[in-house]
Amino acid sequence: MIIKKKLSLEILLEQQVLAFNGSPPESAGALLRGSVILNLKEAISFVSLDLQLLGVVYQNWNEVRGNQSILHFSNNALVDRRWELVKPGPKNHTLPAGVHTFDFEYVFNGSLPVTIHLDNGGIEYKLEATLYRGFLRGNTVTRKEIIVRRYPDLFNSELAQAVHLCSEWSNILTYEISLPSRMVGFDENIPVDFKLDRIRSTTQILKVGCYIRENITNHIPKADTNLVEESWIKLSSISPRELQSQSLSLNVRISPRNVHFSCNTKWFTVDHILAFKVKLKDAHLGTRVVSLEVPVLVLSSNTRDVVQSLPPYTFSETPNSPFVQPPPYIENENLVSRAISV
């Protein structure tokens, strides 16, 4: 026997992802807009309808005491907002069959941390709508997660500028690594120029692999401790035949399935290094593995989404606005010299 639902309750959002642009002190935040949709096949009687927005930081960690390992949990509320969409009254409310829409909105402060899910904790924002039916009737509940992302300033000169690293290792190898930017996005081809050369003829390069080294730090204020987890994710390999050309251009891709995005919050820090592991054999040092590293910032999306998240530029001209003269230019030799040196 098929039982048809007499009602359905759902939460619809105008945007599935809320984007913060810039650092926490600079970001203007984001506006959450949505609706609670109550679809009724027939008229119902109910007590009230409310909606709750809850932002939570959750952490777990192990404490070792002698031979015992004790698992601890911690939860901290970031946001707690409740809307009474239909307030309870002296009598139950009655709604006819049809689709009933209840709109809501909330301004997210730009200093809030982003959504992230890790093995030992995370930060999440959820909406929960509850239709209270009354005595001896089951309530109807629906939930929806809100994804909050933070995108860096694309015009930040330090992050946007090309990277060229040229150095040597122990008077055995010289290497050059070039990237178009320190910012790398998920599922994008990242062009990397890599050059490797031997200083000693007695050195043999056996193998080279390209990796992302990910460091996740769980800052636990209650335990006054930091838990660090390091992992290496292989992106590509370079064969000995390819190494004969010494200079290589390769495309690497970072997948969100096995790499988290970079973030820096009070509770969690995720840092990334693009590394080339070089396995070599030297007549004096024997077999060694050398890691040649460049710090990078892994974006929470691809660069196309970051550009699309930027607020549109609107030009507005106020008629009859008073013209304000700019301040006079004062020549300062120290300022001019600093500008030239930069």
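1. Strands, which the hairpins below connect, are DSSP runs of E of at least two residues, numbered from the N terminus, and two of them pair if DSSP finds at least two bridges between them. The model is a predicted one, in which local features need pLDDT of at least 70 and side-chain atom pairs count only at pLDDT 80 or more, while totals for chains, interfaces and linings use all residues. Residues are numbered from 1 along each chain as its sequence is written, and side-chain values use heavy atoms, with hydrogens and water left out.

2. A good place to begin is strand β20. A hairpin of three residues connects β20 to β21, and these two strands run antiparallel, joined by eleven bridges; within this pairing Leu 280 has Arg 288 of β21 as its bridge partner. On the other end of the chain order, β19 also leads into β20 through a hairpin of three residues, and here the antiparallel pairing rests on two bridges, with Cys 263 standing opposite Val 270 in β20.

3. Strand β20 has a further partner in β16 (residues 204-220), and the two pair in the antiparallel sense over 14 bridges. In this pairing Lys 207 has Lys 279 of β20 as its bridge partner. As for its surroundings, β20 is mostly covered, since eleven of its 15 residues are buried, where buried means under 20% relative accessible area, exposed over 50%, and partly exposed in between, computed with a 1.4 Å probe on protein chains only.

4. The largest pocket involves several of these strands, and its space comes to about 650 Å³. Of the 31 residues that line this pocket, the closest to its centre are Arg 150, Ser 262, Cys 263, Asn 264 and Leu 297. Strands β11, β19 (263-264), β20 (268-282) and β21 (286-298) each supply at least two residues of the lining. By type, the lining divides into 17 nonpolar, nine polar and five charged residues, with Ala, Val, Leu, Ile, Met, Phe, Trp, Tyr, Cys and Pro counted as nonpolar, Asp, Glu, Lys and Arg as charged, and the others, Gly among them, as polar.

5. For the reader who wishes to check such spaces, the terms are these. On a 1 Å grid over the protein atoms alone, a cavity is a set of points where a 1.4 Å probe fits but cannot get out, whereas a pocket is an open set with protein on both sides within 12 Å along at least five of seven lines, and lining residues have an atom within 4 Å of a point. One cavity of 30 Å³ or more is found in a search of the whole structure, and the largest cavity has a volume of about 30 Å³. Val 184, Ile 190, Ile 212, Val 252, Ile 254, Leu 274 and Val 296 line this cavity, a lining of seven nonpolar, no polar and no charged residues.

6. Strand β11 (residues 140-151) runs parallel to β2, and five bridges join the two; Asn 21 has Tyr 151 of β11 as its bridge partner. Along β2 (residues 17-21) the side chains alternate, so that Leu 18 and Phe 20 point to one face and are buried, while Val 17, Ala 19 and Asn 21 point to the other and are not.7. Two open sheets deserve separate mention. Three strands form one of them in the order β1-β3-β8, with antiparallel pairing; its edge strands are β1 (7-13) and β8 (98-108), each pairing on one side only. Strand β3 (residues 30-40) and β8 are paired over eleven bridges in the antiparallel sense, and Ser 35 stands opposite Asp 103 in β8.

8. The other open sheet has four strands in the order β12-β13-β15-β18, again with antiparallel pairing. Strands β12 (163-169) and β18 (247-252) stand at its edges, each with a single partner strand, so one side of each is left without a neighbour in the sheet. Neighbouring strands of this sheet are turned by 20 degrees against each other on average, direction ignored, the angles running from 0 to 180 degrees between N-to-C directions of axes that are lines fitted to C-alpha atoms. Seven bridges join β12 to β13 (residues 173-179) in an antiparallel run, where Cys 166 stands opposite Glu 176.

9. What does a search of the whole structure find in the way of disulfides? It finds zero, a disulfide being a pair of cysteine sulfur atoms within 2.5 Å. Cys 166 is exposed, with a relative accessible area of 52%, whereas Cys 263 is buried, with a relative accessible area of 9%.

10. Finally, Ser 48 lies in strand β5 (residues 48-65) and is buried, with a relative accessible area of 9%. Ser 48 and Pro 88 are 40 residues apart in sequence and 4.9 Å apart in space, C-alpha to C-alpha.

Technical notes. Grid points are joined across faces, edges and corners, and a volume is the space filled by probe spheres set on the points.
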